[in-house]
Amino acid sequence: MLKINNVTIKLKSFHLKIDLTIKPKSITAVIGPSGSGKSTLFDMIGGFNQLDSGSIIWENNDIGNLEPAQRPITVLFQDNNLFPHLNTYQNVALGLTTKLKNHEKFKYKIDNALEKVDMLEHSNKYPSELSGGQKGRTALARALVRKKPLLLLDEPFSALGPGLRREMLNLVKEISHKNKLTVMIVTHDPAELADVCQDVIVVAENTATGPYHLQELLKNPPKSLSDYL
Ligand code: ADP
Ligand code: MG
């Protein structure tokens with residue numbers, strides 16, 4: 001279980017209060033208007049923003065003061081850029097090491113992650129030779145290779161069309177179930193996640209709270225969300 005207790009974050013003119021609990025081995029959607037703090041929430045959980053108060057508890061340990069690399073978390077950011085001069089295999093290797101010379105000893109893990117997203121046969125291709133969906137799969141493999149139990153996806157497939165996005169979300173569902181991952185995923189279209197998850201965190205009016213039941217929230221949204229939805 002991930003518990004974020006009364007955390008406050010202050011960035012220059014923006015502040016966010018966070019109080020929420022995420023069920024283990026679940027997929028939870030994160031919704032809220034643009035600029036409401038969804039990425040800031042992920043930065044905070046990932047360790048890229050300092051807490052002003054409160055705690056982050058993962059499986060009974062306070063991880064709120066750990067360095068990002070020490071946390072049990074991988075964040076896949078919105079722009080999920082692949083390096084154009086590196087092939088699929090090398091892009092995934094970067095999830096494990098910044099020293100590409102060293103990657104031979106990780107070959108088994110890298111191939112394993114590529115296999116999970118069905119990209120093994122494209123290991124030698126460069127991003128310019130891949131379709132949008134294949135790029136998305138590669139970025140997902142780079143996140144999976146780290147084998148962290150918490151996977152935070154910040155609108156990772158927003159560049160894809162609805163059909164491919166659905167396919168990627170189903171892949172996330174399948175992989176997270178098989179690997180017992182706890183997943184949080186930012187989306188602009190919560191209805192799109194109806195097949196994938198039931199819980200939703202709402203980020204609006206400088207607070208992040210939940211989880212709420214997705215279907216009930218869609219039926220009866222709070223005022224802070226009704227315009228947005
Ligand atoms: P969302 O992901 O929900 O669109 P963000 O978390 O990116 O929103 O941004 C929330 C607010 O925090 C915005 O007003 C943004 O301008 C501000 N913000 C984000 N990062 C920083 C930063 N490093 N310093 C100051 N303000 C920031
Ligand atoms: Mg964002």
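Biologist: How many bridges join S4 to S5, and do the strands run parallel or antiparallel?

Modeller: This is a predicted model. S4 and S5 run antiparallel, joined by two bridges. One opposed pair is Trp58 with Asn61 in S5.

Biologist: What sits between the strands in the hairpin of S4 and S5?

Modeller: Two residues separate the strands. Check the backbone there: Glu59 has a positive phi near 45 degrees.

Biologist: Which other residue, not a glycine, has a positive phi?

Modeller: Look at Lys25, with phi near 55 degrees. Lys25 belongs to the loop between S2 and S3.

Biologist: Now the sheet. In what order do the strands lie, and is the sheet open or closed?

Modeller: Read across the pairings, from neighbour to neighbour. Here 10 strands make an open sheet, ordered S5-S4-S1-S2-S10-S9-S3-S8-S7-S6, with mixed pairing. Each edge strand pairs on one side only; these are strand S5 (61-62) and strand S6 (73-76).

Biologist: How many bridges join S1 to S2?

Modeller: Eight, and the two strands run antiparallel. S1 spans residues 2-11 and S2 spans residues 14-22. To fix the register, take a bridge pair: Ile9 is partnered by Leu16 in S2.

Biologist: Which helix packs on the sheet and touches S1, and at what angle to S1?

Modeller: That is H1, whose direction makes about 115 degrees with that of S1. H1 touches S1, S2, strand S3 (27-31), strand S4 (53-58), S6, strand S7 (150-154), strand S8 (182-186) and strand S9 (199-204). Helix H4 (residues 132-144) also packs on the sheet, touching S6 and S7. The direction of H4 makes about 160 degrees with that of S6.

Biologist: And on the other side of S1, over how many bridges do S1 and S4 pair?

Modeller: Five, in the antiparallel sense. Asn5 faces Ser55 of S4 across that pairing.

Biologist: How should I think about side chains along a strand?

Modeller: In a regular strand, side chains alternate between the two faces of the sheet. Keep that in mind when you step along a strand in the viewer.

Biologist: Which side chain makes a polar contact with the side chain of Gln134?

Modeller: His122, at 3.4 Å. Gln134 lies in helix H4. Set aside neighbours within four places in sequence, and Gln134 is in contact with Met119, His122 and Glu129.

Biologist: Where is the cis peptide bond that involves Pro211?

Modeller: Check omega. The bond from Gly210 to Pro211 is cis, with omega near 5 degrees. Pro211 is placed in strand S10 (residues 207-213).

Biologist: On to the ligand. Which residues surround ligand 1?

Modeller: Start with the shell. Leu11, Phe14, Pro33, Ser34, Gly35, Ser36, Gly37, Lys38, Ser39 and Thr40 surround ligand 1. By class, three are nonpolar, six polar and one charged.

Biologist: Which element gives the most to the shell around ligand 1?

Modeller: Helix H1 (residues 38-46), with three residues. H1 is also the helix that packs on the sheet and touches S1 and S2.

Biologist: Which side chain has an N or O atom 2.5 Å from an oxygen atom of ligand 1?

Modeller: The side chain of Thr40. Then look at the backbone. A polar backbone atom of Ser39 is 2.9 Å from an oxygen atom of ligand 1. For Ser36, a backbone N or O atom lies 3.3 Å from a ligand 1 oxygen.

Biologist: How much of the accessible area of ligand 1 does the protein cover?

Modeller: On its own, ligand 1 has 570 Å² of accessible area, and the protein covers 58% of that.

Terms used. Residues are numbered from 1 along each chain as its sequence is written. Chains are lettered from A and ligands numbered from 1 in the order in which they are written. This is a predicted model: local features need pLDDT of at least 70, side-chain atom pairs count only at pLDDT 80 or more; totals for chains, interfaces and linings use all residues. Side-chain values use heavy atoms; hydrogens and water are left out. A residue is near a molecule or strand if one of its heavy atoms lies within 4 Å of it. A polar contact is a pair of N or O atoms within 3.5 Å; within protein, one must be able to donate a hydrogen and the other to accept it, and residues adjacent in sequence count only if both atoms are side-chain atoms. Accessible areas come from the Shrake-Rupley method with a 1.4 Å probe; for residues, only the protein chains shown count as cover. Helices (H or I, at least four residues) and strands (E, at least two) are DSSP runs, numbered from the N terminus. Ala, Val, Leu, Ile, Met, Phe, Trp, Tyr, Cys and Pro count as nonpolar, Asp, Glu, Lys and Arg as charged, and the others, Gly among them, as polar. Two strands pair if DSSP finds at least two bridges between them. Contact means heavy atoms within 4.5 Å. Axes are lines fitted to C-alpha atoms, for helices over the stretch in contact, and angles run from 0 to 180 degrees between N-to-C directions.
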